[in-house]
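Here is a set of questions and answers for a first look at a structure. Each answer puts a value beside the rule that gives it its name.

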Amino acid sequence: PYTFHFRGVREVLGPNYRAAQAWVEVTRDGEPLAQLYPEKRLYASQDTSFTEPAVVHGPLRDFYASLGEVKADRATWTLRLHVKPFVSWIWAGTLLMALGGGLAASDRRYRVAQRQAAASAVQEPA
């Protein structure tokens with residue numbers, strides 16, 4: 001249901017790199033949802049290039065965009081686009097499990113059983 005519009009690439013200068021930055025708009029039924037700005041960075045000090053993906057987080061889905069290599073004609077780029085539903089819910093599930101573990105550990109029955117086990121160990125002859 002999402003439409004991705006590639007709006008172009010521009011040159012960006014960072015503190016220690018040069019980058020080609022793409023502009024991608026995400027819409028749904030004509031309504032704008034997100035602006036993505038992935039980059040292909042060139043670090044002159046190390047003569048290496050890295051891809052800096054663009055990520056827009058949402059409660060129901062995340063958008064990812066990654067700018068790949070430019071083709072020989074210098075006008076065509078490779079662009080990877082992903083829609084990942086419910087990624088934020090992974091973290092909510094982790095917090096829910098931690099809360100459940102804390103509640104289980106605070107159960108009075110565990111403390112009583114531990115005291116009874118310690119008391120019976122003291123009473124048993126060696």
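Q: What makes the link between the side chains of lysine 40 and glutamate 69 a polar contact?
A: In this predicted model, the side chains of lysine 40 and glutamate 69 are joined at 2.9 Å. A polar contact needs a pair of N or O atoms within 3.5 Å, one able to donate a hydrogen and the other to accept it. The value of 2.9 Å falls within that limit, so the pair is called a polar contact.

Q: Which other side chain makes a polar contact with the side chain of lysine 40?
A: That of threonine 51, also with a polar contact of 2.9 Å.

Q: Why is lysine 40 called buried?
A: Its relative accessibility is 15%. Buried means under 20%, so lysine 40, in strand β4, counts as buried.

Q: Which residues does lysine 40 touch, leaving out those up to four places away in sequence?
A: Lysine 40 touches Arg18, Ala19, Ala20, Ser49, Phe50, Thr51, Leu67, Gly68 and Glu69. Touching here means heavy atoms within 4.5 Å.

Q: Where does lysine 40 stand in relation to the largest pocket?
A: Lysine 40 is one of the lining residues that lie nearest the centre of the largest pocket, along with Ala20, Val70, Arg74 and Trp77. The lining has 13 residues, and the pocket holds about 300 Å³ of space. Strands β2 (18–28), β4 (39–43) and β7 (61–70) each give two or more residues to the lining.

Q: What makes up the lining of the largest pocket, by class?
A: Six residues are charged, five are nonpolar and two are polar. Lysine 40 is in the lining, and Lys counts as charged.

Q: Why is glutamine 21 called buried?
A: Glutamine 21 has a relative accessible area of 11%. The cut-off for buried is under 20%, so glutamine 21 is buried. This residue has its place in strand β2.

Q: What makes the links of glutamine 21 to arginine 10 and glutamate 39 polar contacts?
A: The side chain of glutamine 21 meets the side chain of arginine 10 at 2.8 Å and the side chain of glutamate 39 at 3.0 Å. With a limit of 3.5 Å for N or O atoms, each pair counts as a polar contact. Beyond its neighbours within four places in sequence, glutamine 21 is in contact with Gly8, Val9, Arg10, Val12, Tyr37, Pro38 and Glu39.

Q: What makes the largest nonpolar core a core, and which residues belong to it?
A: A nonpolar core is a set of buried residues of certain nonpolar kinds, joined through side-chain atoms within 4.5 Å. Seven residues make up the largest one: Val24, Val26, Ala34, Leu36, Ala54, Phe63 and Ala65. Strands β2, β3 (31–36) and β7 give two or more residues to this core.

Q: Which residues is alanine 65 in contact with, apart from its neighbours within four places in sequence?
A: Alanine 65 is in contact with Leu36, Pro38, Pro53, Ala54, Arg80 and Leu81. Among them, Leu36 and Ala54 also belong to the largest nonpolar core.

Q: Is valine 83 buried, exposed or partly exposed, and why?
A: Valine 83, in strand β8, has a relative accessible area of 31%. Buried is under 20% and exposed over 50%, so valine 83 falls in between and is partly exposed.

Q: How far apart are valine 83 and alanine 65?
A: Their C-alpha atoms are 9.1 Å apart in space, and the two residues are 18 residues apart in sequence.

Q: Why is aspartate 29 called exposed, while phenylalanine 86 is called partly exposed?
A: Aspartate 29 has a relative accessibility of 72%, and exposed means over 50%, so aspartate 29 counts as exposed. Phenylalanine 86 has 45%, a value in between the two cut-offs of 20% and 50%, so phenylalanine 86 counts as partly exposed.

Q: What is noted about phi in aspartate 29 and phenylalanine 86?
A: Phi is near 55 degrees in aspartate 29 and near 60 degrees in phenylalanine 86. Each is a positive value in a residue other than glycine. Aspartate 29 lies in the loop between β2 and β3, and phenylalanine 86 in the loop between β8 (77–85) and α1 (88–105).

Note on methods
Residues numbered from 1 in each chain as written. Predicted model: local features only at pLDDT ≥ 70, side-chain atom pairs only at ≥ 80, totals over all residues. Heavy atoms only, no water. 1 Å grid on protein atoms, 1.4 Å probe; cavity = no way out; pocket = protein on both sides within 12 Å on 5 of 7 lines; lining within 4 Å. Points joined across faces, edges and corners; volume = space filled by probe spheres on them. Helix = DSSP H or I, 4+ residues; strand = E, 2+ residues; numbered from the N terminus. Buried < 20%, exposed > 50% of the residue type's maximum accessible area, 1.4 Å probe, protein only.
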